[in-house]
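Here is a walk through one protein structure. Keep the sequence and the model side by side as you read.

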Amino acid sequence: MFKNFWYAVEFATDVVPGKPKRVKVLGQQLVLYRKNSDNSVVAMSDLCVHRGAALSDGEVKGDCIMCPYHGWEYNPAGEVTKIPAHPDKGIPRKARIDSYPVQEKYMMVWVYMGDLPEEERPPIPDWSAVDDTDTYAAVTGSFLWKSNYERILENGVDVAHTPFVHGGVFGNPEKPEVPEFEIEESPWHCKVSVKLNPPKSKGLWGLINPNKQDLANRPQVPVSTTWWLPNMILLEVDTPMGAMKIFDVNIPIDEETTLVKFIALRTFFKGKWADRDAKRRVFKVLYEDQAIVDAVRPELLPFDLSDELHVKSDYNAVLYRRRRQQLIDMGWSVEGNTIVGEGPARVEARVIPSPIRKEVPELASAWNFKEVRSREIKAGIQEKEAAAKDVAAARKPKGAVNGAAATTKNEDVKA
């Protein structure tokens with residue numbers, strides 16, 4: 001999982017004024033709420049600095065959110081502005097939590113989970129088709145996976161699996177070959193375009209679809225799959241009835257759980273009467289994919305390319321893995337840079353550094369949740385475990401062959 005990217009974490013319509021909403025991404029809980037002054041969305045760490053209560057269980061007051069435990073109030077910048085128990089005392093400098101940049105765009109709430117300045121942040125991809133309501137009708141949905149988001153992303157852009165996993169839906173098992181394809185790529189995305197032989201349409205689509213020829217005479221269908229770093233994909237199919245685009249974000253809740261949110265557009269059957277069927281078709285494909293991807297081993301993508309075998313049709317997946325390794329080398333891995341509270345590292349207490357930590361270095365000592373590299377934490381744990389083993393080994397009687405020898409050794413250790 002990677003920091004320093006914009007993550008679409010929720011549909012904009014699901015963040016309702018006056019109701020804080022809890023979401024989880026990269027192993028960290030966030031609270032989303034709308035300011036009363038201008039209805040814009042605020043995203044902050046869902047972890048009160050006082051006793052660790054979830055602010056998402058609290059209450060919106062003006063532009064602030066109030067902790068449900070002791071009534072501490074936080075402004076949109078993440079600073080505590082009121083401590084009801086001590087109204088006459090000053091607010092401690094450490095009374096602050098991380099607040100993240102937010103954009104509402106393409107029907108989604110996007111949160112920047114990182115600490116880079118604005119000019120260095122990777123862009124939000126161009127999903128302007130989502131806003132073109134004259135051309136497209138849209139349906140949306142969510143789908144929870146017990147799989148790693150990178151396995152799901154690779155599956156989503158893999159053209160070669162469709163005849164076998166989605167045979168008869170939009171894959172054709174009678175024509176599984178992947179022909180020559182066109183590639184478009186940048187540091188942040190890869191698009192593969194190919195023409196495939198579709199199966200015969202079924203149901204409502206089968207009644208309208210003009211392509212009723214046999215496989216040999218049926219026109220090919222242009223298909224494109226695109227990934228954007230770190231977790232977004234787009235499937236485009238120019239069906240005989242019209243264009244279809246399915247945007248989805250694979251939100252990494254943690255390493256083993258992913259929440260997919262999709263926006264499916266179509267230029268045909270644009271009436272509301274067709275929405276239910278359009279959504280049903282997307283879910284059918286997701287369930288077919290889930291049955292395969294949930295059983296893939298290892299659950300996480302290998303770090304070494306040579307650990308799995310790749311062929312020509314895996315081009316976009318291989319490119320993704322190479323870019324992923326570059327991001328790891330850049331130090332953007334969440335595992336390599338996480339903030340935890342004092343004491344043992346707990347995944348539930350993960351906090352991604354927000355931009356203000358770099359923008360205002362004078363606040364370096366004002367963060368209760370310190371920046372600690374998880375590798376160092378793990379190293380510390382390993383050192384403690386090694387020390388414990390040493391103590392246990394010292395207490396264990398060497399060469400003890402009877403109770404007397406063991407007693408002597410144990411007494412030596414106690415002394």
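Start at a pocket, the second largest one in this predicted model. Its lining counts 17 residues. Nearest its centre lie R151, E154, N155, D158 and R321. The space inside comes to about 410 Å³. Which helices each supply at least two residues of this lining? They are α1 (149–156), α4 (275–293) and α5 (315–329). The chemistry of the lining is mixed: six residues are nonpolar, five are polar and six are charged.

Now turn to the strands. Begin with β14, which covers residues 189–196. This strand runs antiparallel to β15, and eight bridges join the two. One pair to find is K195 with its bridge partner in β15, P222. Strand β15 itself spans residues 221–228. Is β15 mostly covered or mostly open? Mostly covered: seven of its eight residues are buried.

Follow the chain onward from β15. Three residues make the link of a hairpin, and β16 comes next. Strand β16 holds residues 232–239. Six bridges tie β15 to β16, again in the antiparallel sense. Look for T226 here, which stands opposite L234 in β16. Like β15, strand β16 is mostly covered. Seven of the eight residues in β16 are buried.

Another hairpin follows. Two residues lie between β16 and β17. Strand β17 runs from 242 to 254. Its pairing with β16 is antiparallel and rests on eight bridges. D238 faces its partner here, standing opposite A243 in β17.

Next, look at the nonpolar interior. The largest nonpolar core has 82 residues. Which of them have the most contacts inside it? They are W110, V111, M113, W127 and W227. Take V111 and trace what surrounds it. Setting aside neighbours within four places in sequence, V111 is in contact with F5, W6, Y7 and V9. The same residue also contacts L30, L32 and A43, and then Y100, P101 and V102. A second core stands separate from this one. The second core has 17 residues, and C48, V49, A53 and I83 are among them.

Several contacts of V111 lead to another part of the model. Here four strands form an open sheet, in the order β2-β3-β4-β9. Its pairing is antiparallel. At the edges are β2 (21–25) and β9 (99–100), and each of these pairs on one side only. Between β3 (residues 28–34) and β4 (residues 41–45) there are five bridges. Find R34, and opposite it in β4 you will see V41.

There is another open sheet of four strands. Its order is β5-β6-β7-β8, with antiparallel pairing. The edges belong to β5 (59–61) and β8 (80–82). Each has a single partner strand, so one side of each is left without a neighbour in the sheet. Strand β6 covers residues 64–66, and three bridges join it to β5. Among the residues to locate is E59, whose bridge partner in β6 is M66.

Stay in this sheet for one charged residue. E73 lies in strand β7, which is made of residues 73–74. Is E73 buried or exposed? It is buried, because its relative accessible area is 9%, and the cut-off for buried is under 20%. Leaving out residues up to four places away in sequence, E73 touches K61, I65 and M66 on one stretch of the chain. It also touches E79, V80, T81 and K82.

Finish with a second charged residue, D115. Where does D115 sit? Its place is in the loop between β11 (108–113) and β12 (137–145). D115 counts as buried because its relative accessible area is 4%, below the same 20% limit. Its contacts come from distant parts of the sequence, once neighbours within four places are set aside. K3 and N4 are two of them. The others are P353, S354, P355 and K358.

Definitions and conventions. Residues numbered from 1 in each chain as written. Predicted model: local features only at pLDDT ≥ 70, side-chain atom pairs only at ≥ 80, totals over all residues. Heavy atoms only, no water. Core = buried A, V, L, I, M, F, W, Y, C linked by side-chain atoms within 4.5 Å. Buried < 20%, exposed > 50% of the residue type's maximum accessible area, 1.4 Å probe, protein only. Contact = heavy atoms within 4.5 Å. Pairing = 2+ DSSP bridges. 1 Å grid on protein atoms, 1.4 Å probe; cavity = no way out; pocket = protein on both sides within 12 Å on 5 of 7 lines; lining within 4 Å. Points joined across faces, edges and corners; volume = space filled by probe spheres on them.
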